[in-house]
Amino acid sequence: MEPIYILGAGPAGLAAAYTLTKQGQSVVVVERDGQVGGLAKSIEYQGFILDYGPHRFYTKIAPVLQLWDEVLGDEQVTVNRLTRIYYGGKYFSYPLKAKQVLSALGLIESLRIVLSYLSVRLFPKPQTNNFAEWVENKFGKRLSEIFFEGYTEKLWGIPCTEISPDWAAQRIKGLSLSKAIKNAILGNDGKVKNLIDQFQFPRLGSGQLYEKIADYLQQHQQPILLNTEVIQVHHHNSQVTHITLKNRITKKENTVACGGLISSIPLTHLVQQLQSSPPEKVIDAAKSLKFRNTILVYLIVEGGNIFPDNWLYINDPRVQVGRVTNFANWSPEMLANTEQTPLCCEYWCNFGDDLWQCPEDELRILAEKDLRKIGLLKNQAVSDGFILRLPRTYPIYAGNYQAALSEIQGYLQTFQNLQLVGRYGAFKYNNQDHSLLMGIFAAENVLTPGKHNLWNVNSDSEYVEEASAETATTAATNTRLSRRRQTLKTLREFGQTRW
């Protein structure tokens, strides 16, 4: 029996490979990069372990909890969560807390918020057609303008009126403002949900989970082909039969037989790599789907206790930075020392934008200026830094994307042994746990065809930011770790991969 080929060694792909390996199924993982982990990988710089921005480990999903616990075991720490929005020179907890918001904004602004909220409660829109209308219908126009509009347009680069309401429904968890105000005034009686204030995290960064899965696969003789990309997918009678792979270092190409294909590479790429080509309307639909790019600017700041948050959302039109992660406030074993603080500044742009083409030195200067302008950095010196450019990090829910995605789905679902998973592969704005779940479900579909509908994952309009006190949401309780800090594994050389 031919192995299942898995395209992409990010959360979804590795979850599928891990689940199939546990069941004795032969798999081959194909990864274009030189390291596993996808957008959740960790890198090492000057002794610091750094992630691609913030990747907290929090979920209510039982299979994901089980996977984390099995793979990481006691290699976890409990992180106290503090996430805030910077707006108008002040900091607001996220998700928003009504008492704090109304107190910080003052009487007049608070009155405007409450009145605009009461207005939409009395006269709600029966249907919302875009992000702006969805948020206004949920929180009122004034709160929407303050906390959602500017930041969202910075992230996507288009007006809120052009963004689908689907994105809001998935990403903005709905403690209603009325309930939040009631809780702020009367207190929480324990029967309602609480915003989570802790989460589990691998002690050596988010990528440790995926490095450990990769180790498990190699221990079971399951090949991981790094620096390798798929350039053609061959099919016959509604079955994927072969794929052509290319080693990005040696340029060698090889066509191999496969028993099935689980793809987490960009959906837009997969469609164009099918041989024979799909119908023209499917190709046009794929070309119409767009992704937003991310630039990560890492700064090494001299000094500690810069700010207490795990990460901050920057809702300030004076600066271009959108989110700042402080790795000093995650696992202490990610730090080379306590005299320096590694920060990650996130910028979003499109291909061809001035920002995307901006030289590295200028991006570092921009990030430092932005942080000083909003007061996150004062007299602290920035001693070093580097840049990562990440293409296609966010699927854009805008325009006719739903119709285009439906067209592609309808065609690809005719393939009996092809499954699409992950943020890239399914064009879904997944959290990490959603992508892991898609991978697990895809593996179970190989063993029991038709068991799960992958398109339903992360389609319940629920972005989990709260939990009942009795609900288990992390894979393990905090364990005091006394082990010596270990260096991350170096990138696997191409010579270690197996065809």
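Two strands count as paired if DSSP finds at least two bridges between them. That idea will help with the strands below, starting with Ile243, which stands opposite Val256 in strand 13. Welcome to this structure, which is a predicted model. Here is a friendly tour of a helix near the start of the numbering, two groups of strands, the cysteines and one pocket.

**Helix 1 and its surroundings**

- Helix 1 covers residues 11–22, and its twelve residues reach 16 Å from the first C-alpha to the last, close to the 16 Å expected at 1.5 Å a residue.
- Eleven of the twelve residues of helix 1 are buried, so this helix is mostly covered.
- Among the buried residues of helix 1 are Pro11, Gly13, Leu14, Tyr18 and Leu20.
- Gly10 sits in the loop between strand 1 (4–7) and helix 1, and with a relative accessible area of 11% Gly10 is buried too.
- Although Gly10 and Leu39 are 29 residues apart in sequence, their C-alpha atoms are 6.8 Å apart in space.
- On the other side of the helix, Gly24 comes just after helix 1 and takes a positive phi of about 80°.

**A four-stranded open sheet**

- Four strands form an open sheet in the order 13-12-11-15, and their pairing is mixed.
- Strand 13 (253–257) and strand 15 (274–275) stand at the edges; each has a single partner strand, so one side of each has no neighbour in the sheet.
- Strand 12 (residues 239–247) and strand 13 run antiparallel and are joined by five bridges.
- Ile243 and Val256 of strand 13 are the residues seen opposite each other at the start of this tour.

**Strand 16 and its partners**

- Strand 16 spans residues 291–302 and is mostly covered, with eleven of its twelve residues buried.
- Strand 16 pairs with strand 20 (residues 382–395) in the antiparallel sense over ten bridges.
- Phe291 has Pro395 as its bridge partner in strand 20.
- Strand 16 also runs antiparallel to strand 19 (residues 340–349), and ten bridges join them.
- Val301 has Thr341 as its bridge partner in strand 19.
- As a general rule, side chains in a regular strand alternate between the two faces of the sheet.

**Cysteines without disulfides**

- A disulfide is a covalent bond between the sulfur atoms of two cysteines, and the structure holds zero of them.
- Cys344 is in no disulfide, and the nearest cysteine sulfur, that of Cys345, is 6.8 Å away.
- Cys344 counts as buried because its relative accessibility is 0%.
- Why is Cys358 not bonded to Cys349, which has the closest cysteine sulfur? The two sulfurs are 9.8 Å apart, too far for a bond, given that a disulfide needs them within 2.5 Å.
- Cys358 is buried as well, with a relative accessible area of 12%.

**The second largest pocket**

- The second largest pocket has a volume of about 510 Å³.
- It is lined by 21 residues, and the closest to its centre are Phe415, Gln416, Leu418, Gln419 and Asn445.
- Strand 14 (260–263), strand 21 (418–420) and helix 14 (432–447) are the elements that give two or more residues to this lining.
- Strand 21 provides the largest share of the lining, three residues.
- The lining of this second largest pocket divides into eleven nonpolar residues, ten polar and no charged.

Methods. Residues are numbered from 1 along each chain as its sequence is written. This is a predicted model: local features need pLDDT of at least 70, side-chain atom pairs count only at pLDDT 80 or more; totals for chains, interfaces and linings use all residues. Side-chain values use heavy atoms; hydrogens and water are left out. The expected span of a helix is 1.5 Å times one less than its number of residues. Buried means under 20% relative accessible area, exposed over 50%, partly exposed in between (1.4 Å probe, protein chains only). On a 1 Å grid over the protein atoms alone, a cavity is a set of points where a 1.4 Å probe fits but cannot get out, and a pocket is an open set with protein on both sides within 12 Å along at least five of seven lines; lining residues have an atom within 4 Å of a point. Grid points are joined across faces, edges and corners, and a volume is the space filled by probe spheres set on the points. Ala, Val, Leu, Ile, Met, Phe, Trp, Tyr, Cys and Pro count as nonpolar, Asp, Glu, Lys and Arg as charged, and the others, Gly among them, as polar.
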